[in-house]
Number of protein chains: 4
Amino acid sequence: MYFASDNSGPVHPQVLAALTEANDGYAMAYGADALMEEVRQRIRDIFEAPDAAVYLVATGTAANSLALATLMQPWQTVFCSPVAHIHEDECNAPEFFTGGSKLTLVPGSDKMSPKALQAAIAKEENRGVHGPQRGPVSITQVTERGSVYSLAELRALSSVARERGLPVHLDGARFANAQAALNCSAAEMTWKSGVDAVSFGGTKNGLMGVEAVIFFDPGKAWEFELRRKRGAHLFSKHRYLSAQMAAYLRDDLWLTSARAANANCARLAAGLRAAGADFLHSPDANMIFAAFPRAAHRRLRDAGAMYHIWDGGVIEGDDPDEMIAARLVCDWSISGDQIDRFLALIRG
Amino acid sequence: MYFASDNSGPVHPQVLAALTEANDGYAMAYGADALMEEVRQRIRDIFEAPDAAVYLVATGTAANSLALATLMQPWQTVFCSPVAHIHEDECNAPEFFTGGSKLTLVPGSDKMSPKALQAAIAKEENRGVHGPQRGPVSITQVTERGSVYSLAELRALSSVARERGLPVHLDGARFANAQAALNCSAAEMTWKSGVDAVSFGGTKNGLMGVEAVIFFDPGKAWEFELRRKRGAHLFSKHRYLSAQMAAYLRDDLWLTSARAANANCARLAAGLRAAGADFLHSPDANMIFAAFPRAAHRRLRDAGAMYHIWDGGVIEGDDPDEMIAARLVCDWSISGDQIDRFLALIRG
Amino acid sequence: MYFASDNSGPVHPQVLAALTEANDGYAMAYGADALMEEVRQRIRDIFEAPDAAVYLVATGTAANSLALATLMQPWQTVFCSPVAHIHEDECNAPEFFTGGSKLTLVPGSDKMSPKALQAAIAKEENRGVHGPQRGPVSITQVTERGSVYSLAELRALSSVARERGLPVHLDGARFANAQAALNCSAAEMTWKSGVDAVSFGGTKNGLMGVEAVIFFDPGKAWEFELRRKRGAHLFSKHRYLSAQMAAYLRDDLWLTSARAANANCARLAAGLRAAGADFLHSPDANMIFAAFPRAAHRRLRDAGAMYHIWDGGVIEGDDPDEMIAARLVCDWSISGDQIDRFLALIRG
Amino acid sequence: MYFASDNSGPVHPQVLAALTEANDGYAMAYGADALMEEVRQRIRDIFEAPDAAVYLVATGTAANSLALATLMQPWQTVFCSPVAHIHEDECNAPEFFTGGSKLTLVPGSDKMSPKALQAAIAKEENRGVHGPQRGPVSITQVTERGSVYSLAELRALSSVARERGLPVHLDGARFANAQAALNCSAAEMTWKSGVDAVSFGGTKNGLMGVEAVIFFDPGKAWEFELRRKRGAHLFSKHRYLSAQMAAYLRDDLWLTSARAANANCARLAAGLRAAGADFLHSPDANMIFAAFPRAAHRRLRDAGAMYHIWDGGVIEGDDPDEMIAARLVCDWSISGDQIDRFLALIRG
């Protein structure tokens, strides 16, 4: 019963098989391998973007930081959610890779609202040389709290950005889960909704450590290559990144895996709801923030269930009925059995 | 007949097997996996350094840049060979990760001499606040031109550094090949010779992409962890780095592989010498810089041999006897057959 | 009737005289001038800090950015007011000079409360390597909205910082006005209240462009000197900075000038209050944020009065009674006559 | 007898008078003062560049670092003399302001030769993403050793840069002395010779601390303004920079002062030559590198003459006839009497 993180699950067997298959003889280093060409074409097809610049890096922080750096200048500020991963969980990596820029937190909670975004951007108007200059809007999809922006919501946010001439970045660490949730195309969730650059995650969805960065403006390509190399994120034996991503994209493995995770998460959410849990956020994809009684937590903990207690909730305490919040994540490999067992324990 | 780079060879089967074995169920993310504990202990044993701080990253540039950044301040300068990888081949990554430091090229060619190093350091004396401040000495072992510093040479360089209170970094992208060549212990080639921090390479010697960074002063550990995270080089699914490195260290695979590469390289060098080739540098490990006639190059090229023509040598030309320089690298997987075939073609 | 900024007023005649006096023959460059020795000793006396490190720079942004950089690491975050100058008005200079750090805005408005500061700091606890690490607390005294922290308030804030081992920086662009308002000693307002480093402003109070940076821990001295030089803020003809600061400190010119500004501001505030103005913030020193009717604004504007309309207030409009906010700053040179004339126009 | 540095001399009386004159009432802050408009127009006239972007900063290091940063990217390298001020004397400020770029030292000594420059640039060709990318060429005029590039030499260097599409920066800390030496126009020494951006020094030639930065491409203006502010080099009371530069440019004070310095230097050089001194470099402007006997050094030192012993020469020693090198700088204020007295002491 492992619901602590989708960073803890195993790699999909098809990905391991692809690594083994790729491990034959010599291959060109530094991204000139043949598999990368397959990846590039496949992503362009999936995104209906025949000119897109496509690159691989090994961590989500690298994808986000390098993508943002390529979209902005050091004297600008990124507009993002106050709980964005780039703000809370990357130890100032975006500030480092952008050369000392700032992040402006759009007031609100998890999801940004177009109105709050507009106000945050407007606040930096007419500041001349004194204030930070306005830079990209970064949207996290799936959000940090497990919600998914609808296409209409994405378009509303990117419209606000585009009115001011600001580029839009999508942090898609859980891109596949979001697309599966929306049942839309990759193009609809990105450039057709006003997105300029995407961190297209694979690690949380069955890869060892590969994320693609996609720019719909191919003019960004060379700068990104230089930034990636200078950031020490260009792999010499690049074929092993390519092989993972190629396997991920073949036969829609990425979507199949995400759909499985989402479906299991929905099953878990339904069971929690039936058991009387409260939901802190809308569980739209593969992540749930729910509160249930301390007594249930104790049963789960004693049975070895793994998940994060949220927002300072403490399991130790007197009142067995007190509601305590938890974060539950379903990765691609979670089984229905584990969920059933978890729900049985919740029900007591 | 692939002699172009040890970045192009395959991964050792034992490493692939270890990845498969590690791919079971859930594991703690971000370096808290059990395999990392094995790696840490094994490296401490190998280096006879029970307190050493040990970390994994995925590229050699990350290892070098993060290690140097941890050893210095942005207003300092690194003393290194004019052909050091950190100077010539990392697109300013060391300058980026150190926050804008400088590299001072010690006059000479591939290997630094203690005398030239001493003079370069002395030149920055008495500069007060105006000049760059003196920072680490970075030594590349195996050098960029395939030579190996003897232990006496290493000690002479580090003595120069230590007299001035400067730390010593060892760029060991080909650490195993150097150690195999010297037939010494890891401790002798590092801290017993005055080295403070090591980039301990694995990628060029049979891994997919893993390098260890080792500090003999454990006081550097936390800063390095923060720098690694901020540099976007902390892997969430870290177990797959650990698994590679663990397999590399088990049963001396790292040394066995390096010895194979060195032995094949020696065989190649002997054949070249017998065929009348000139050597630009002493071929001490798994890399040869040699010149042989244009006619031989043509035969090799026509037969599909892969290697880099060096220093602007041009194969096209009239004189079949003109000597043209080449870089030939033997990776762990090169076979004796390939070498024999190559030598037969050289001989014509 | 110039109330737009204390950056717009003239230099005090005694300062100009001191520049003329200093302009005699040759002097040691780069801070080794004799006048700097006078400045250093005088500041140590004033602050009752015989070991303090004392440096001069020419802009407030340099003073703040270099002081903060010396107190922190790039992976840390500064805790400050959401309207702090370092956040709103320095075009990411603190982020630049600190090498890519972050600023955490303590929720609230102008003045930070100890409770909100404590909560902001606590939020970054137990984040391991993922979140920004906790760095200095920066307090602005006089605040950006013209208020002055009492000594008890300063001590309460610094206690919160010190409990966590965090250093405290005081942005004293209007240090003299604050000290005059509190009628305390410089030591009381700084190290006796838990402050580690001070930006001691002179520019807004009668100098051309000189600010002192003071560290009570002399161990910061050499790093600051290197940071200042690397930041291009070390003046070759440094004696002209020294001469200004020396004149400022002689015969308490700094306090006399600040007291004059504060007294004129108090007179202006009293007149505004009598005329029915609303106050947005407590006008404790030489800056007022007040709202008065549009009709009064029009009379003032037509008579040539200069000041900033605040927070988007628009003078153009129909209702002559609508209250519109303004920022009014009294510099050291403002005359009682100007204030009387201004108040007469307010009254209509 | 002060020949140690042109950073140690006084400010010209006309400059002090201009500061006094500017010190009247209120003026717009941050560069919007009326005097800056005069400066801008005057520089455009002098340089015959009606569209040039013109800014003021207070130190030469700021002028150079900000100008270079505006001309390049962090992954590029600056080509410069191995003794360039930006390399030897700015404590890594260019690396800092450019965000971590590199400086490539063109082999040779003080003056760069077009051939060596071409070779240094060619060396970075075909490096793909691995090497530093090629960035600006920075030329120091007057050189660090007191020589002046002829217009033909400047054009030859800039041609090499322009063939590769690289911008050209002129470090003109002693611009006036160079122009006086060449007896040419400012336009001839800059854009007509292929220069894109100029650090136009004033500090060493009679100002307190003001340098202009000039871009002939006005498209660089806004970025430079942001970089200047972010670098903490935008003065609030900017009128006092403007007043100095305005006085410097009025009635050719800048050229008159430089001609005086050069003429006195020529007189000094002639006397040294007559006395049998050796010259290490051609003394083309206001700086001499000459060697004369230890006995003469002792007489000068005992009489209180101030200058730098060069290249490790030691006055203490046995042989009174040994030649010892010195750097002698004539600033605008040096008197003929001092020179005569110096020469009398040399002659013994």
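Between which two elements of chain C is Val142(C) found? Val142(C) is found in the loop that runs between β4 (133-140) and α7 (151-163) of chain C; helices (H or I, at least four residues) and strands (E, at least two) are DSSP runs, numbered from the N terminus. The structure is a predicted model, in which local features need pLDDT of at least 70 and side-chain atom pairs count only at pLDDT 80 or more, while totals for chains, interfaces and linings use all residues. Residues are numbered from 1 along each chain as its sequence is written, chains are lettered from A and ligands numbered from 1 in the order in which they are written, and side-chain values use heavy atoms, with hydrogens and water left out.

The backbone at this loop was examined in two chains. In chain C, the peptide bond from Gln141(C) to Val142(C) is cis, with omega near -15°. In chain A, the bond from Gln141(A) to Val142(A) is cis, with omega near -10°, and Val142(A) lies in the loop between β4 (133-140) and α7 (151-163) of chain A. A further backbone feature of chain A is Cys91(A), which is not a glycine but has a positive phi of about 50°. Cys91(A) belongs to the loop between α4 (85-88) and α5 (93-97) of chain A. Most residues other than glycine have a negative phi, and most peptide bonds are trans.

According to an unreviewed UniProt entry, residues 3-290 of chain A are covered by the annotation "domain: Aromatic amino acid beta-eliminating lyase/threonine aldolase". UniProt positions are given in the numbering used here, feature names are shortened, and annotations may be inferred rather than shown by experiment. The span 3-290 of chain A is 42% helix and 15% strand, and its end C-alpha atoms lie 13 Å apart.

Chain A contains an open sheet of seven strands with mixed pairing, in the order β1-β7-β6-β5-β4-β2-β3. Two strands pair if DSSP finds at least two bridges between them. At the edges of this sheet are β1 (53-57) and β3 (102-105) of chain A, each of which pairs on one side only. Neighbouring strands are turned by 25° against each other on average, direction ignored. Within the sheet, β4(A) and β5 (residues 168-172) of chain A pair in the parallel sense over four bridges, and Thr140(A) stands opposite Asp171(A) in β5(A). Strands of a sheet pair through backbone hydrogen bonds, either parallel or antiparallel.

In chain D, an open sheet of four strands has the order β8-β9-β11-β10, with antiparallel pairing. Its edge strands are β8 (278-279) and β10 (308-309) of chain D, each paired on one side only. β10(D) pairs with β11 (residues 323-329) of chain D in the antiparallel sense over two bridges, and Ile309(D) has Ala326(D) of β11(D) as its bridge partner. Helix α12 (residues 253-274) of chain D lies across β8, β9 (287-293) and β11 of chain D, and runs at about 20° to β9(D). Axes are lines fitted to C-alpha atoms, for helices over the stretch in contact, and angles run from 0 to 180 degrees between N-to-C directions.

Helix α12(D) also packs against helix α8 (residues 175-182) of chain D, at an angle of about 75° and with the axes 8 Å apart. α8(D) is therefore roughly perpendicular to α12(D); angles under 35 degrees count as roughly parallel, over 145 as roughly antiparallel, 65 to 115 as roughly perpendicular and the rest as oblique. Contact means heavy atoms within 4.5 Å. Residues making this contact include Phe175(D) and Gln179(D) of α8(D), and Trp254(D) and Arg259(D) of α12(D). By class, the contact residues of α8(D) with α12(D) comprise eight nonpolar, three polar and one charged. Here Ala, Val, Leu, Ile, Met, Phe, Trp, Tyr, Cys and Pro count as nonpolar, Asp, Glu, Lys and Arg as charged, and the others, Gly among them, as polar.

The chains were also compared as copies, superposed by least squares on the C-alpha atoms of residues with pLDDT of at least 70 in both. A turn of 180° and a shift of 0.0 Å along the axis lay chain A on chain B with an RMSD of 0.0 Å. The two copies are thus related as by a two-fold rotation axis. The C-alpha of chain A nearest this axis is that of Gly231(A), 3.7 Å from it.
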